[in-house]
Amino acid sequence: MSKPTSFSGVQPSGQPTLGNLIGVFQPFVAFQDSHQATFCIVDHHAITSRPNPEDLRTNTLGIFAYYLAMGLDPAKCTIFAQSHLPQHTELAWILNSFTQMGELERMTQYKDKSQRQSDNINVGLFDYPVLMAADILLHQVQHVPVGDDQLQHVELTRDIATRFNNLYGPTFTIPKAIIPQVGARVMDLQEPNRKMSKSRPGPGTILLTDAPASAAKKITRAVTDSLATIAYNPQEQPGLANLIDIFASLNNQTPQQVVQQFQGQQYGALKTATAEAVASKLEKLQTAYNSYINDKAELQNLLQKGAEKASATAEKTLQATKQKVGYVLPSSQK
Ligand code: AQP
């Protein structure tokens, strides 16, 4: 029986964080075995904040090197850069006409980012979820592994695909979001009510480039509470629940197992153990990352091969979509 298909992406919008590692990089490794998996570096998405061009180039190859360092193997899965396949933006344009303004206005990420970059609320920021829908639908996938902040965008993708299929007949596979059971939203260590985010790093953010000792320090300084009881209660003890999630995810345990392990102990014991787990993970990851990042020519070569691998399905979906909408196709593509 053939494996199910999956697609997911990470924006090269800064240095990836421990949130990216736990929410997606780690789960991706399992997906390359259980799925016909496609992973993307979504560089078009990253330009909505108008990054410095050199930073965008560096971060794009950086995300790719992290994929490899985590254990993704281009022989087992497909990895490419979004801008290498023009079909993504072409399909996004078509899907724009099947998406309502009101739907995009309701997107939490748009509302949040509009506040954060109030001097630059550009159309790309508004239209981001339609491009994300195109990214997913182009590859005809069943599953989309994401952190839970992306659930709303995948839901919109399903709505757009269903609307199109109802109008023109079956065209797109309806995808389903898959979020990790533990660590679907790693929170900032100093502000445990907000997501740890690479575009808004601060003292409570662990970057994957942090020296292991300094990352460990950030964990031991994490904000918790004064209840002094080890329990998994994300509403009332968000800082503690975040540490439990981080420890659980890095040790392949459930939060309940972690609570049991540290029952009756002080928060310091959990912090020390979590700090050690994070430092050890970063140390290994950084060694692997350094072995990939310096060979830029090889990274670019692998990205090009990945785009070639991904292009057949992308082109087939795009042509089928254009045909259904009524475009006159060039005779070579009929
Ligand atoms: N803190 C997190 N916990 C769990 N999963 C996370 N993800 C991001 N942060 C966490 C998941 O990682 C995937 C790629 O994320 P992204 O590149 O789209 O977003 P980001 O890392 O959060 O980057 P930005 O640029 O900083 O975006 P905002 O400003 O929205 O936070 C996604 O599947 C995401 O869920």
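Seven residues line the largest cavity of this predicted model: Q109, Y110, K113, L125, Y128, P129 and H153. Two elements, α6 and α7, each give two or more residues to that lining. By class, the cavity lining has 4 nonpolar, 2 polar and 1 charged residues. The volume is about 40 Å³. A search of the whole structure for cavities of 30 Å³ or more finds 1.

Now turn to the pockets. The largest pocket holds about 880 Å³ of space. Several elements give two or more residues to its lining: β1, α1, α6, α7 (123–138) and α8 (151–168). The largest share comes from α6, with 5 residues. Thus α6 and α7 appear in the lining of the cavity and in that of the pocket.

The pocket lining counts 40 residues. Nearest the pocket centre are Q11, Q109, D149, Q150 and K195. Q109 also belongs to the cavity lining. By class, the pocket lining divides into 12 nonpolar, 18 polar and 10 charged residues.

What takes up the space of the largest pocket? The ligand does. Around the ligand stand 25 residues. The nearest of them are S13, D149, K195, K198 and S199. Two of these names, D149 and K195, are also listed among the residues nearest the pocket centre.

Which elements supply at least two residues each to the shell around the ligand? They are β1 (5–10), α1 (18–34) and α6 (108–116). Here the largest share, 4 residues, comes from α1. In the pocket lining, by contrast, the largest share comes from α6. The shell has 7 nonpolar, 12 polar and 6 charged residues.

Next come the polar contacts to the ligand. Start with K195. A polar atom of the K195 side chain lies 2.5 Å from a ligand oxygen. S199 makes another such approach: an N or O atom of its side chain is 2.7 Å from an oxygen atom of the ligand. K195 and S199 are both listed among the residues that come nearest the ligand. For N20, the distance between a side-chain N or O atom and a ligand oxygen is 2.8 Å. How much of the ligand's exposed area does the protein bury? Taken alone, the ligand exposes 650 Å², and the protein buries 97% of that.

Two residues tie the picture together. K195 is listed among the residues nearest the pocket centre, and its side chain places a polar atom 2.5 Å from a ligand oxygen. Q109 is listed near the pocket centre too, and it also lines the largest cavity.

Technical notes
Residues are numbered from 1 along each chain as its sequence is written. This is a predicted model: local features need pLDDT of at least 70, side-chain atom pairs count only at pLDDT 80 or more; totals for chains, interfaces and linings use all residues. Side-chain values use heavy atoms; hydrogens and water are left out. A residue is near a molecule or strand if one of its heavy atoms lies within 4 Å of it. A polar contact is a pair of N or O atoms within 3.5 Å; within protein, one must be able to donate a hydrogen and the other to accept it, and residues adjacent in sequence count only if both atoms are side-chain atoms. Accessible areas come from the Shrake-Rupley method with a 1.4 Å probe; for residues, only the protein chains shown count as cover. On a 1 Å grid over the protein atoms alone, a cavity is a set of points where a 1.4 Å probe fits but cannot get out, and a pocket is an open set with protein on both sides within 12 Å along at least five of seven lines; lining residues have an atom within 4 Å of a point. A molecule sits in a cavity or pocket if more than half of its atoms lie within 2 Å of its grid points. Ala, Val, Leu, Ile, Met, Phe, Trp, Tyr, Cys and Pro count as nonpolar, Asp, Glu, Lys and Arg as charged, and the others, Gly among them, as polar. Grid points are joined across faces, edges and corners, and a volume is the space filled by probe spheres set on the points.
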